[in-house]
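Here is a short report on one protein model. Look over the sequence and the fold before reading on.

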Amino acid sequence: MFGVLSFSCKTVTLRMAEEKQHIGEYYEAAEMYRKLYSKSKATERDKRAYISYRMGLCYQKINNVQRATGAYINALRYNYPDSLLNLRMAQVCHQGGRYGEAVGYYNKFLEQNPESIEALNGIEGCRLAGEMKERPTLYEVKRMDVFNSRHGEFSPMLAGEAYDKLYFASSRVKKVSKDSISHITGQPTNNFYLAEKDEKGVWKKPVELEDELNTVYDEGTPSISADGNTMYYTCCESDPISARPAEIRVSTRSGASWGAGTRTNLVKDSITGVGHPSLSPDGEYLYFVSDAGGYGGKDIFRARITGMNDFGGIENLGPQINTKGDEMFPCIRDSVTLYFASDGHPGMGGLDLFKATKDSLGVWHVENMGSPVNSMGDDFGITFEGKQERGFFSSNRNDARGYDHIYSFERPTVTVFIEGYVSDVEEYTIEGAVVRIVGKDGLNEKVLAKPDGSYKVELERNVSYVMMASAPGYLNRNFELNTDPDERNETYYVDFYLSPIHRPTVIENIFYDFDKATLRPESKEALDDIVKVLNDNPNVTIEMGAHTDRKGSGKYNEGLAQRRAQSVVDYLIEAGIPADRLTARGYGKSEPKTVTKKMAEEYPFLPEGAVLSEEFISALTPEQQDVADQYNRRTEFKVTGTTYNLY
């Protein structure tokens, strides 16, 4: 890929390849295994199986999923005996987005290892991957071509008071030589680059730092202090003789330049690897990754900073964060919020980004950041623009070579509103109407309706609220609302129609059988609304009045109306309203309807304030008489008291 391999003039032995793999030089080891495989004979089945499996492990380490898959397929073909082969094959299928195949291999591994957390989590991750793709979060993710190259870029870090500087590591170089190739990744060694915004806030192309910070070795994963003058970062010396595969160094800035990094003394021995530093915003702790022992693979630790290069004892973050897999690239946002990458927690494939939140008891709760932040590839190295839900991260999605690139992410603000109108039962504006909202999220707000009766209040997702609309001279109306838990903009519309205290209110849609007092089933909705009004106003007593039209004798109509009013009262009592809050009154045709403003607007032949008496109606046309008679046939209630059970 980058010219002749350094071992091309030498005889490659299996032991040489194993040694390269042992010290973490996976790219060079993989190429050695490939050469050994090509030189082996098809009849040497055990040897080919062994070489293929080791080759697959090396390619998997450097994220070349395609070549790792091919190597594992050969290992299966030659019957490599280790059951771990099924687990590794499951993992590369998982990372390749072939979730059905992955589950099949996970299950094969479970047949011999039924309690494997890695396999069980893998199956759960495959299941969740489908759900997360079907129900993506609101995050918007874009590839940042202004930062990216043909090689790799990873671990962006925003800095500057206006977050107008972006540091990241990249393997791009002007001139490739044998000495600039990493034996670990097969790419040129990583150096730091810096991108800045112009005066219009547009990102400019990145430039390589010409400071002493960059060396011939791999640098990456920067973390910069709040004042912008101290940087902790990872350095990997690609030296086969070195006993420390990775270390954290610290550099300080003088003017515009970063000084040469010095090794931190986080660990005292010379064999424990440390990397991926993340400085807490208050500067009190350094979070980092190490293989210092813990729950398996690489774990996340922290240490208290007592000086720029002085630390207290290291502390493992525990089993809620760390798993049997690898937890890496921590980003500590505040004392209770940590972001990190993991292939041990259930995810979409490879490394997924997770958010961990610590509760009041000190327990971490971990959640997958979901799609589209996460993909079937490796997603890691996140940085935030202060407290905003936007920033950058690195991912090797959609890159067949497994190269990492920088992506932006932003979560639009999710807004949840409730709005509507408060009016009287005839839909006219009420002066001085108030809407009070109490929520389980602690909201307790009174909102004065606007002159047109409208109101609008911002709410939160997945919260229960109780609302009450009120106005002087009117009965209260309550409403309960549970907002949706989904991350999406939502507006709920609720209108309140208030009944007056000092005049009767007609109840629409009360129906009786012809010439009878029996309530028809379609009356239920209107009757239940009366029940709600009475429950919303527990200190109110009412009279339920029934009225007929002008036809028939006064005595007969009065009796029919009384029975009908009593039918309504009986329904309310059966619904739980105390009988002593209710009075039934049959008016018959003795109190004809007075024309309201709304009636006059709907039927111009009815003057506002006119009484629909027999004399008035007889002067109308037959069609107009039907309308007037319909208005007189009504059921209404009026408030008779407002102090029930108060004394």
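The report goes through helices, sheets, hairpins and a few single residues of this predicted model.

## The helix pair H1 and H2

Helix H1 covers residues 14-22, and helix H2 covers residues 26-39. Their axes come within 8 Å of each other. The crossing angle is roughly 160 degrees. Angles over 145 degrees count as roughly antiparallel, so H1 is roughly antiparallel to H2. The crossing of H1 past H2 is left-handed.

Which residues make the contact? On the H1 side they are Leu14, Met16, Ala17, Glu18, Lys20 and Gln21. On the H2 side they are Tyr26, Glu28, Ala29, Met32, Tyr33 and Leu36.

## Gln112 in helix H6

Helix H6 spans residues 99-112, and Gln112 belongs to it. Is Gln112 buried or exposed? Its relative accessibility is 59%, so Gln112 counts as exposed; the cut-off for exposed is over 50%.

Gln112 can also be placed against Ser40. In sequence, 72 residues separate the two. In space, their C-alpha atoms are 31 Å apart.

## The sheet E1-E21-E20-E19

Four strands form an open sheet in the order E1-E21-E20-E19. The pairing is antiparallel. Strand E1 (140-143) and strand E19 (379-384) are the edge strands. Each of these two pairs on one side only. From one strand to the next, the twist averages 25 degrees.

Inside this order, E20 (residues 390-395) and E21 (residues 405-410) run antiparallel and are joined by 6 bridges. One residue pair shows the register: Phe393 has Tyr407 in E21 as its bridge partner.

## Thr383 on edge strand E19

Thr383 sits in strand E19, which is an edge strand of the sheet. Is Thr383 buried or exposed? Its relative accessibility is 4%, so Thr383 counts as buried. The limit for buried is under 20%.

The side chain of Thr383 reaches the backbone nitrogen of Leu158 at 3.1 Å. Beyond its neighbours within four places in sequence, Thr383 is in contact with Pro156, Met157, Leu158 and Leu166 among others. Its contacts also include Arg390, Gly391, Phe392 and Phe409.

## Glu153 in strand E2

Strand E2 runs over residues 153-159 and includes Glu153. At 0% relative accessibility, Glu153 counts as buried.

What does the Glu153 side chain reach with polar contacts? One partner is the side chain of Ser149, at 2.3 Å. Another is the side chain of His405, at 2.9 Å. Leaving out residues up to four places away in sequence, Glu153 touches Phe147, Asn148, Phe168, Ala169, Ser170 and Arg172, among others. Its contacts also include Ser394, Asp404, His405 and Ile406. His405 lies within the residue range of strand E21, and Ser394 within that of strand E20.

## Strand E8 and its partners

Strand E8 (residues 247-254) pairs with strand E7 (residues 230-236) in the antiparallel sense, over 6 bridges. Thr234 stands opposite Ile248 of E8.

E8 has further antiparallel pairings. With strand E10 (residues 262-263) there are 2 bridges, and Arg249 stands opposite Arg263 of E10. With strand E9 (residues 257-258) there are also 2 bridges. Here Ser254 has Ser257 in E9 as its bridge partner. E8 and E9 form a hairpin with 2 residues between the strands. In that hairpin, Gly255 takes a positive phi near 70 degrees.

## The sheet E11-E12-E13-E14

What is the strand order of this open sheet? The 4 strands are arranged as E11-E12-E13-E14, with antiparallel pairing. The edges are strand E11 (274-279) and strand E14 (310-316), and each pairs on one side only. Neighbouring strands are turned by 30 degrees against each other on average, with direction ignored.

Strand E13 (residues 299-307) pairs with E14 in the antiparallel sense over 5 bridges. Within this pairing, the bridge partner of Phe301 is Asn316 in E14.

Note on methods
Residues numbered from 1 in each chain as written. Predicted model: local features only at pLDDT ≥ 70, side-chain atom pairs only at ≥ 80, totals over all residues. Heavy atoms only, no water. Pairing = 2+ DSSP bridges. Axes fitted to C-alpha atoms, helices over the stretch in contact; angles between N-to-C directions. Buried < 20%, exposed > 50% of the residue type's maximum accessible area, 1.4 Å probe, protein only. Polar contact = N/O pair within 3.5 Å; in protein donor to acceptor, adjacent residues only side chain to side chain. Contact = heavy atoms within 4.5 Å. Parallel < 35°, antiparallel > 145°, perpendicular 65-115°, else oblique. Left-handed = near helix turned anticlockwise from the far one by under 90°.
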